[in-house]
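Visitor: Could you take me on a close look at a single part of this structure and follow it outward to its surroundings? I work in computational chemistry, so please keep the details in.

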Amino acid sequence: MKITDAKVIICSPGRNFVTLKIYTDEGLTGIGDATLNGRELAVASYLTDHVIPCLIGRDPHQIEDIWQYLYRGAYWRRGPVTMSAIAGVDTALWDIKAKAANMPLYQLLGGRSRSGIMVYGHANGRDIEEATDEALRYSEMGFKAIRAQAGVPGLKKVYGVSSGAQMASGAKFYEPADSSLPSEHDWSTERYLDHAPRLFEKLRETLGWDHHLLHDVHHRLTPIEAARLGKSLEPCRLFWMEDPTPAENQEAFRLIRQHTVTPIAVGEVFNSIWDCKDLIQNQYIDYIRATVVHAGGITHLRRIADLAAIYQVRTGSHGATDLSPVCMGAALHFDTWVPNFGIQEYMHHTDETDAVFPHDYSFRDGFLYAGEKPGHGVDIDEKLAEKYPYRRAYLPVNRLAHDGTLTNW
Ligand SMILES: O=C(O)C(=O)C[C@H](O)[C@H](O)CO
Ligand SMILES: [Mg+2]
């Protein structure tokens, strides 16, 4: 088999997505997600201008060789743009290989390791009461694991809290990339550290102890502040505290670990095994959140998961709505196989997105199930995609409430 063509499809059915479609001389096609929220066109250009010309004429079955060719061949290794582009190619090639084998992708990876994929949903509210009501709604929908975020008194806008608008599915609409220039949030660590434990006390009081509860700190604390939060959340027994501090300095997590047994999840912004090698080998974290689209596709994510397995670190892949249904489909096949699976993030896409990307995965009683169609089971309706042209949209920036200093969002 030979690759005859490839093209990048950019569309915005509610939010921007970049999809790579690869064509072969045997009529089989495959698609991969290459979306990098807020920097979409950089990846599109990387693919169109620099990667696609290198793909034509290659054997799509040689996934590993093509991965190495693109990674080593660029000379400039790693980085989110490069690795998202490689992920788009890699995912599309696994899709083609599985279609050629007439098997669902998880079978090629090593077969089924579990009956379904436990997922966590996002309950949030402008205050603790609203977030608690929302968590109850997630429980009624069947979720066994719920991430909770609440507004902080005195702060106008914080990460993870919806303005209140509802989608057709009933879920609260939340899209952080909400503006053609970055919108501005405000932040106070003192107010947040006082407030966050109260949210989880209320959730335990209301929901009891049968649900897994998760929380995303979204990189906003220093290590010692994160240690304090982890300690104060211990009585509420969280499944994880996510991204407590920025992870550029992997050694920083040693300090958090010395102070708290609240489990730690990190990795949604990681794009290679080198970003998490020390975190994993020192057992500073419990869950690795790297995912298919930002970490070089299935080929590279598998290496990260295998390293993590040796150190009893489990997977907990990123699954916000900026990861397209193509990424979600591929991730679910990966999750169906990976031996050290922990949990999968699952945020509903809008109806418009679901219509542009028909898929065969399904949700039932707190679990997602990969479909049985050959490939990863996700397609793109190109005609429909044309109706939703790209719109520039940025993630917000964050400033300290008391003096306007730029801080982590
Ligand atoms: O889903 C999460 O845990 C996130 O932190 C979502 C990120 O803010 C989002 O994917 C950025 O594009
Ligand atoms: Mg996160």
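Guide: Happily! Let us first settle one cut-off: a residue is called buried under 20% relative accessible area, exposed over 50%, and partly exposed in between. Please keep in mind that this is a predicted model.

With that scale in hand, start at arginine 58, which sits in the loop between H1 and H2. Its relative accessibility is 22%, so arginine 58 counts as partly exposed. Leaving aside residues up to four places away in sequence, arginine 58 touches Met1, Lys2, Ile3, Ile66 and Tyr69. Lysine 2 is 56 residues away along the chain, yet 5.4 Å separates its C-alpha atom from that of arginine 58.

One of the residues touched by arginine 58 is Ile66, and Ile66 leads us into helix H2, residues 63-73, where it is buried along with Ile63, Trp67, Leu70 and Tyr71. Why do these residues lie on the same side of H2? Because they cover an arc of only 125° around the axis. The face turned away from this buried side carries the exposed residues Arg72 and Gly73. Just after the helix, tyrosine 75 takes a positive phi of about 70°.

What does the buried side of H2 pack against? Its partners are strand S1 (3-11) and the helices H1 (40-55), H3 (80-101), H9 (273-281) and H10 (297-310).

Let us follow H10 one step further. H10 packs with helix H11, residues 325-337, at an angle of about 35°, and their axes are 12 Å apart. The crossing of H10 past H11 is right-handed. On the H10 side, the contact is made by Ile298, Leu301, Arg302 and Ala305, and on the H11 side by Ala330, Phe334 and Trp337. By character, six of these contact residues are nonpolar, none is polar and one is charged.

Finally, a stop at the metal. The magnesium ion (ligand 2) is coordinated by Asp216 (OD), Glu242 (OE) and Glu268 (OE), at 2.0 to 2.2 Å. Along the chain, its donors follow the spacing D-x25-E-x25-E. Aspartate 216 belongs to strand S7 (residues 212-216) and glutamate 242 to strand S8 (residues 240-242), so this pair, 26 residues apart, links distant parts of the chain. On the scale we began with, aspartate 216 and glutamate 242 are both buried, whereas arginine 58, our starting point, is partly exposed.

Notes
Residues numbered from 1 in each chain as written. Chains lettered and ligands numbered in written order. Predicted model: local features only at pLDDT ≥ 70, side-chain atom pairs only at ≥ 80, totals over all residues. Heavy atoms only, no water. Buried < 20%, exposed > 50% of the residue type's maximum accessible area, 1.4 Å probe, protein only. Helix = DSSP H or I, 4+ residues; strand = E, 2+ residues; numbered from the N terminus. Arc of directions from axis to C-beta. Contact = heavy atoms within 4.5 Å. Axes fitted to C-alpha atoms, helices over the stretch in contact; angles between N-to-C directions. Left-handed = near helix turned anticlockwise from the far one by under 90°. Nonpolar A, V, L, I, M, F, W, Y, C, P; charged D, E, K, R; others polar. Donors = N, O, S within 2.8 Å, 3.2 Å for Na, K, Ca; no water.
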